Amino acid sequence: VATWDIQFAEQKQEFNKRPSKIGRRSLSRSISQSSTDSYSSAASYTDSSDDETSPRDKQQKNSKGNGDFCIKNIKQADFGRREIEIAEQEMPALMALRKRAQGEKPLAGAKVVGCTHITAQTAVLMETLSALGAQCRWAACNIYSTQNEVAAALAEGGFSVFAWKGESEDDFWWCIDRCVNVEGWQPNMILDDGGDLTHWIYKKYPSMFKKIKGIVEESVTGVHRLYQLSKAGKLCVPAMNVNDSVTKQKFDNLYCCRESILDGYKRTTDVMFGGKQVVVCGYGEVGKGCCAALKAMGSIVYVTEIDPICALQACMDGFRLVKLNEVIRQVDIVITCTGNKNVVVREHLDRMKNGCIVCNMGHSNTEIDVASLRTPELTWERVRSQVDHVIWPDGKRIVLLAEGRLLNLSCSTVPTFVLSITATTQALALIELYNAPEGRYKQDVYLLPKKMDEYVASLHLPTFDAHLTELTDEQAKYLGLNKNGPFKPNYYRYADVPFNPCLLHHDFIL
């Protein structure tokens, strides 16, 4: 597959306006409110509270004397390196791209500024981009998802990383600014998760877009914001929508969350799922994964939905479709994964029974109205890391996980193999935008072609010793296909992948 030369047709789609943020530090602009968006594993094995000194107040250097980074503790680098080496074993496609780069450097001269979750899996991506010829500067898109030991390993390896677990709101934006605003270095590519990096450059350093060749965005929220800019005629450079690629939607969201939802709950609460009544708000890819896992564990699962198609899918999968108000008094667990705001509000929280566990599996912290719980009559009690009891005057308490932020990023880990799929798609999108001849892409948002999705999938098949069947010439002619793909039309809807009508309007040139 000539992955470097894939062309994309113009993609235009309107999305709902991005919800406005609400106050206080809890609303870190990790804020990508995608329920379909999670590129990262999360829990750092080192507690961010072990040293109260802010990394911004420390002067640290790696073993080579380089101090162009800001992390928790450079001494954790060896531990972080072992984490990265473990991740490499489950990320076969990225390792394959590295081998290919021995003879060619498709990102030579690229200066990539990134804002994603900084985990062992992200480190493999960053080191792959470096092997492909790119220079990288990186910040975190979520204040809780950084693995401190991995950030240390990256800093020791010469990467300019600005992130640590437990950043404040001010720290969050400071780190992004340190990545962007540096003398003698200007980015020409953006890799974003949530749109905050793009927003910061657009707001503070708009002149930088004169040298930026493109943006790669993997989150629902970030994609929404790009389409808004495009619609308003304010998008300055081409952008790739990685979020709506099949490999991202299907694997990163459904299969990943099907496993990580249980992991996050077990690590934080030790809860037993058998017999528990659970309401899952949203039956998109993330919701489907969560519901499947909980049902398999013996939970009684209810679903809320606004989309009649997803609602019908939930019913056909054996789940009862309800309104949240109908079950809020009886359920033991509430999970949000809609990508919306104020899905669970104070009225719902007041009506929950004692001991109800509340968490969010969407990318943003806007789904649960946590700000409404910061009132004098309610008492907050930290039970363990990322677990709070919120206590009402009558003694009732609910268990709030990760202050309403993404559970699997903040409290557990995400399967590395799934992240390999997303990271490979991001790398290929960067390569395509960076190497595209002038004029191929306009100042608009483009969707990845089916052929690239198939290529990413094919790179992961050897892990399973899987053997693809090849079409004969006669069969290919009968189906009207190229023997090497793509094998499905752009409007084909893979099982359980919600249909995106924008796919009907693509005419990819391969």
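The accessible surface of this chain comes to about 20700 Å², and carbon and sulfur atoms account for 50% of that area. Keep in mind as you look around that this is a predicted model. Of the 510 residues in the chain, 59% are buried. The secondary structure comes to 16 helices and 16 strands. Contacts tell us something about how the chain is folded: among those between residues at least 6 apart in sequence, 76% join residues at least 24 apart.

**The nonpolar core**

Let's go inside. In soluble globular proteins, nonpolar side chains tend to be buried together. Here, the largest nonpolar core has 58 residues, and V112, L129 and V161 are the ones that touch the most other members. Several elements give two or more residues to this core, among them the helices α1 (77–88), α2 (92–100) and α3 (120–131), and the strands β3 (135–140) and β5. Which element gives the largest share of this core? That is α14, with 10 residues.

L129 is a good residue to click on. Setting aside residues up to four places away in sequence, L129 touches L107, A134, C136, W138, A427 and L430.

**The second largest pocket**

Now look for empty space. Rolling a probe the size of a water molecule over the atoms shows where such space is left. The second largest pocket holds about 860 Å³ of space. Its lining is made of 28 residues, and those nearest its centre are E454, A457, S458, L461 and L468. Three elements, α8, α14 and α15, each give two or more residues to this lining. The element that gives the most is α15, with eight residues. You have met α14 before, as the element with the largest share of the core.

**Annotated binding sites**

The UniProt record, an unreviewed entry, has a "binding site" annotation that covers T119, D193, E218, K248 and D252. The same kind of feature, "binding site", is also placed by UniProt (unreviewed entry) at G284, E285, V286, G287, K288, G289, E305 and N408.

Where do some of these residues sit? D193 is found in the loop between β5 (189–192) and α6 (196–204), while D252 has its place in helix α8 (residues 246–269). V286 is in helix α9 (residues 285–296), and G289 is found in helix α9 as well.

Are these residues buried or exposed? The table gives their relative accessibility, together with that of G355, which we will visit next.

| Residue | Relative accessibility | Class |
|---|---|---|
| D193 | 0% | buried |
| D252 | 0% | buried |
| V286 | 1% | buried |
| G289 | 0% | buried |
| G355 | 36% | partly exposed |

Buried means under 20% relative accessible area, so V286, at 1%, counts as buried. G289 has neighbours from elsewhere in the sequence: not counting residues up to four places away, G289 touches L254, C257 and R258.

**A loop residue, G355**

G355 lies in the loop between α12 (346–351) and β12 (357–360). Why does G355 count as partly exposed? Its relative accessibility is 36%, and partly exposed covers values between the 20% limit for buried and the 50% limit for exposed.

Leaving aside neighbours within four places in sequence, G355 is in contact with D332, R397 and V399. Another residue to find is I391: G355 and I391 are 36 residues apart in sequence, and their C-alpha atoms are 9.9 Å apart in space.

Notes
Residues are numbered from 1 along each chain as its sequence is written. This is a predicted model: local features need pLDDT of at least 70, side-chain atom pairs count only at pLDDT 80 or more; totals for chains, interfaces and linings use all residues. Side-chain values use heavy atoms; hydrogens and water are left out. Helices (H or I, at least four residues) and strands (E, at least two) are DSSP runs, numbered from the N terminus. Buried means under 20% relative accessible area, exposed over 50%, partly exposed in between (1.4 Å probe, protein chains only). Contact means heavy atoms within 4.5 Å. UniProt positions are given in the numbering used here, feature names are shortened, and annotations may be inferred rather than shown by experiment. A nonpolar core is a set of buried Ala, Val, Leu, Ile, Met, Phe, Trp, Tyr and Cys residues joined through side-chain atoms within 4.5 Å. Accessible areas come from the Shrake-Rupley method with a 1.4 Å probe; for residues, only the protein chains shown count as cover. On a 1 Å grid over the protein atoms alone, a cavity is a set of points where a 1.4 Å probe fits but cannot get out, and a pocket is an open set with protein on both sides within 12 Å along at least five of seven lines; lining residues have an atom within 4 Å of a point. Grid points are joined across faces, edges and corners, and a volume is the space filled by probe spheres set on the points.
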